[in-house]
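Me: I have a structure open here and would like to talk it through with you. Could we start with one residue and then work outwards?

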Amino acid sequence: MQSEHPFLQAASRIPTKRTPIWIMRQAGRYLPEYRRIRTKAGSFMALCKNVDLATEVTLQPIHRFGLDAAILFSDILVVPEAMGMVLQFHEGEGPQLQPVLRSNQDLYKLHPVESEVHLNYVMKTILSIRKELDNKIPLIGFSGSPWTLATYMVEGGSSKNFGAVKGMMYDDPKSMHLLLDKLVDAVVDYLNAQIRHGAQAIQIFDTWGGILSPRDFREFSLRSMKMIVDRIDKVGLDGLHVPIILFAKGCGAYLEEMARSGCSVLGLDWTTDLGQARQRVGHLVALQGNMDPSVLYASPEKIRCEVKRLLEEYGAHAGHIFNLGHGMAPDMDPEKVAVLVDSVRLESEKVHLTGL
């Protein structure tokens, strides 16, 4: 059975009349309606765990911009929290996880994730969002990659030089692999639970894969993502194929290897040439991206120009999902997003019609 949603069709490299678009961090602090709900919730994690409010903020960018896919409102660090770590968000400081993992013995304090129990609020939110969407557009679920989750768990939060996690990786690779394998099991359980509850596509965020050397990326990041892709359910609640999107920031050098992971879509950051990426791997996977988010600080005319350039760069080929090369920033103007979405619709119809 084939989906009629442009996003799901493009993810399967089925020709579409126009290029579908969604935006990473499309529900967030750049929207005034989000900020109002965030204040009402009292804290970021309280918002994530409130089914009604998390549903509302998931739908806010859909109502405002008419995007082609919704993405679950949550955070990648709910997985370490479900494994027994204490997660806190402090204004201006980012997330903090305690106690940090610094030895092999620390890893045995982590417990297996039972998503139906430990992350039941996420599952309820997915059910709620699917009900509200009424199958008009698909819902994307997500998780952080094991390597990216490990960086936060070992560092205790964000980092500039990743000294602790890389120190463990180099000095004690056995422990690092043990942590990553535990995270593979947790992420597989989490993503399969999302799919069982109605997620129609899955994105794996490897935010920090780009800090690794080529050899280390293959051993400590890509290996784990391949294991996850192998074990994720491929058919969803609707009986349709569930596309898996890999987004590894700063990893354009490894497109061919990632394309052979079994994923359906590769997300590209803005440092990778979209046209060249299509030539390299477009016969294997669909591509998602990849406008520099900073273009949204420019004039509407420049936004339209960049949209046109990227669409023509990819050409009238199947398998393109328009997105930014990373996420929205809190100080971006929602009106610029409206320009972006309208431009993608208008210009992609021209590209697909003329066959450029």
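Me: Happy to begin with Glu306: does Glu306 count as buried or exposed?
Reply: Let's take the cut-offs first: buried means under 20% relative accessible area, exposed over 50%, and partly exposed in between, with a 1.4 Å probe and protein chains only. Glu306 has 13% relative accessibility, so the verdict for Glu306 is buried.

Me: Before we go on, what kind of model is this?
Reply: Residues are numbered from 1 along each chain as its sequence is written, and side-chain values use heavy atoms, with hydrogens and water left out. Local features need pLDDT of at least 70, side-chain atom pairs count only at pLDDT 80 or more, and totals for chains, interfaces and linings use all residues, as this is a predicted model.

Me: Where does Glu306 lie, and which residues does Glu306 touch, not counting those up to four places away in sequence?
Reply: Helices are DSSP runs of H or I with at least four residues, strands are runs of E with at least two, and both are numbered from the N terminus. Glu306 belongs to helix α15, residues 300–314. A contact means heavy atoms within 4.5 Å. Leaving out residues up to four places away in sequence, Glu306 touches Met291 and Val295.

Me: What is the strand order in the open sheet of seven strands?
Reply: Two strands pair if DSSP finds at least two bridges between them. The pairing in this open sheet is parallel. At its edges, β1 (70–71) and β9 (320–321) each pair on one side only. The order is β1-β4-β5-β6-β7-β8-β9.

Me: Why is strand β4 described as largely enclosed by the rest of the structure?
Reply: Leu139, Gly141 and Ser143 point one way from β4, while Ile140, Phe142 and Gly144 point the other way, and all are buried. Strand β4 (residues 139–144) is largely enclosed because its buried residues number six of six.

Me: Which residue stands opposite Phe142 in β5?
Reply: β4 has parallel pairing with β1 over two bridges, where Ile140 is the bridge partner of Ile71. With strand β5 (residues 201–206), β4 pairs in the parallel sense over five bridges. Opposite Phe142 in β5 stands Gln203.

Me: And which residue in β7 stands opposite Ile245?
Reply: Strands β6 (residues 244–248) and β7 (residues 265–267) run parallel and are joined by three bridges. The residue in β7 opposite Ile245 is Val265.

Me: What is omega for the cis peptide bond from Gly289 to Asn290?
Reply: Asn290 sits in the loop between β8 (286–288) and α15. Another cis peptide bond joins Gln98 and Pro99, with omega about -10°, and Pro99 is in the loop between β3 (94–98) and α6 (104–107). For the bond from Gly289 to Asn290, omega is near -5°.

Me: Asp134 is not a glycine, so what is its positive phi?
Reply: Asp134 is found in the loop between α8 (120–133) and β4. With a relative accessible area of 52%, Asp134 is exposed. Its phi is about 55°.

Me: To finish with the whole chain, what radius of gyration does the protein have?
Reply: The protein has 16 helices and nine strands, and buried residues make up 58% of its 356 residues. The radius is taken over C-alpha atoms, and the globule rule is 2.2 Å times the number of residues to the power 0.38. A compact globule of 356 residues would be near 21 Å, which agrees with the protein's 19 Å.
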